[in-house]
Amino acid sequence: MNTSSTVKGYGYASLSAITFGTIPLFSIPVMEAGMELPSVLIYRFAFGCLFMMGFLLWRRQNLHLKWGDGLRIAFLSLMYSVSAVALFSSYEYMPGGVATTLLFSYPVWTEVLLILFFHEKVTLRIVIAIVCAIIGVFFLGGIGQTGGIKSMLGVVLAMLSGLLYAIYMVIFPHMRVSKLPALKVNFYIFFIAMLFLILYSSFTTGGVQKIGDSRSLISLVLLGLVPTTISNVTLVRSLTLIDSASVAILGAFEPLTAMTIGITLMGEPLTMTALIGSVLIIASVLILITKGRKIANPLRKYFTT
């Protein structure tokens, strides 16, 4: 892979992480207005699908999907939706900052999966980058703020969310559907995930809630555009250009973005722990991008049939 493609991969991965970090900006106002979490997720994917459908029609993209590819995408959608539900459900058992911190265990899960199943070579550079990123995220989440944890179930749910997200990132580049247009794949992933969540909401909250006011509508539309459409399309694109571990570590920009939004737009204080966390995350990214690396993919043949 040439240098230009690698640089683009890092750029797409960074943009994906930054836009994903805007979720609190658009979701919290809707939840504060009284909408239940399953409905927020359903509208997120629904508006995301609408934006993607518009782009697909504009580009005259063929939406035909083979049966086998549909099953693969359904599997990805199931992991994606369960990961989202697990994270939001964990909020009931612990503070959101702690739960989000646990979610960002996924770079570690990603590296473990690559080492176990793809024989990735462990280097000092990648170990240092991961350690800096994880410690930085813990500082951002607030070290020691665990007094609000009501049940270990919340910890399990948040960690499960991170594990499922890591599996998604590791297996996607090795599946045949990764060769399909990114926008088309994301459209079907979101559409099927939305169907799963509608089924889930019918058993948990009595179905999909109506949008209460215009402010909530605007927030949900932006939720479907920025941290859903833009973030996930660039994520899929990055996974075709650079390795999963690099994408996962660059995901440390997500809590950094969330923290910046909280300070500048939501009036949250800038603490010393947050400042230290930001420095560590930036350091981890710099360590990662100063030297590229190649990863062997011996299992690719099993995912491309």
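**Cavities, helices and buried cysteines**

Modeller: Let's start with the largest cavity: α1 (3-20) and α8 (152-171) each give at least two residues to its lining. Please keep in mind that this is a predicted model.

Colleague: Happy to. What makes this space a cavity, as opposed to a pocket?

Modeller: A cavity is space where a 1.4 Å probe fits but cannot get out, whereas a pocket is open. Rolling a probe the size of a water molecule over the atoms shows where empty space is left. Searching the whole structure this way turns up three cavities of 30 Å³ or more, and the largest cavity holds about 50 Å³ of space.

Colleague: Which residues line the largest cavity?

Modeller: Its lining consists of Ala13, Ser16, Ala17, Tyr106, Tyr165, Met169, Leu235, Val247, Gly251 and Glu254. Helix α1 supplies the largest share, three residues.

Colleague: How do these residues of the largest cavity divide by class?

Modeller: Seven are nonpolar, two polar and one charged. Tyr counts as nonpolar and Gly as polar under the scheme used, so Tyr106 and Tyr165 go with the nonpolar residues and Gly251 with the polar ones.

Colleague: And which residues line the second largest cavity?

Modeller: That cavity, with a volume of about 40 Å³, is lined by Ser16, Phe20, Tyr80, Tyr165, Ser231, Asn232, Leu235 and Glu254. Two or more of the lining residues come from each of α1 and α10 (214-239). Here the largest share, three residues, belongs to α10. By class, the lining has four nonpolar, three polar and one charged residues.

Colleague: On to the cysteines. Why is cysteine 49 called buried?

Modeller: Cysteine 49 has 6% relative accessibility, and buried means under 20%, so cysteine 49 qualifies.

Colleague: Is cysteine 132 buried or exposed?

Modeller: Cysteine 132 stands at 16% relative accessibility, which is under the 20% cut-off, so it counts as buried too.

Colleague: How many disulfides does the structure hold?

Modeller: Zero. A disulfide needs a pair of cysteine sulfur atoms within 2.5 Å, so the zero says that no pair meets that cut-off.

Colleague: Why is proline 29 called partly exposed?

Modeller: The relative accessible area of proline 29 is 31%. Partly exposed covers what lies between 20% and 50%, so proline 29 belongs there. Proline 29 sits in helix α2 (residues 23-32). Leaving out residues up to four places away in sequence, proline 29 touches Pro24 and Ser219. The C-alpha atoms of proline 29 and serine 216 are 7.1 Å apart, although 187 residues separate the two along the chain.

Colleague: How do you know that the span of helix α3 is close to the one expected?

Modeller: Helix α3 (residues 37-58) has 22 residues and reaches 32 Å from its first C-alpha to its last. The expected span is 1.5 Å times one less than the number of residues, and for α3 this comes to 32 Å, so the two values agree well. After α3 comes arginine 60, whose phi is positive, near 55 degrees.

Colleague: To finish with the whole protein, how many helices and strands are there?

Modeller: There are 13 helices and zero strands. Of the 305 residues, 50% are buried. Among the contacts with a separation of 6 or more, 90% are between residues 24 or more positions apart.

Conventions. Residues numbered from 1 in each chain as written. Predicted model: local features only at pLDDT ≥ 70, side-chain atom pairs only at ≥ 80, totals over all residues. Heavy atoms only, no water. Buried < 20%, exposed > 50% of the residue type's maximum accessible area, 1.4 Å probe, protein only. Helix = DSSP H or I, 4+ residues; strand = E, 2+ residues; numbered from the N terminus. 1 Å grid on protein atoms, 1.4 Å probe; cavity = no way out; pocket = protein on both sides within 12 Å on 5 of 7 lines; lining within 4 Å. Points joined across faces, edges and corners; volume = space filled by probe spheres on them. Contact = heavy atoms within 4.5 Å.
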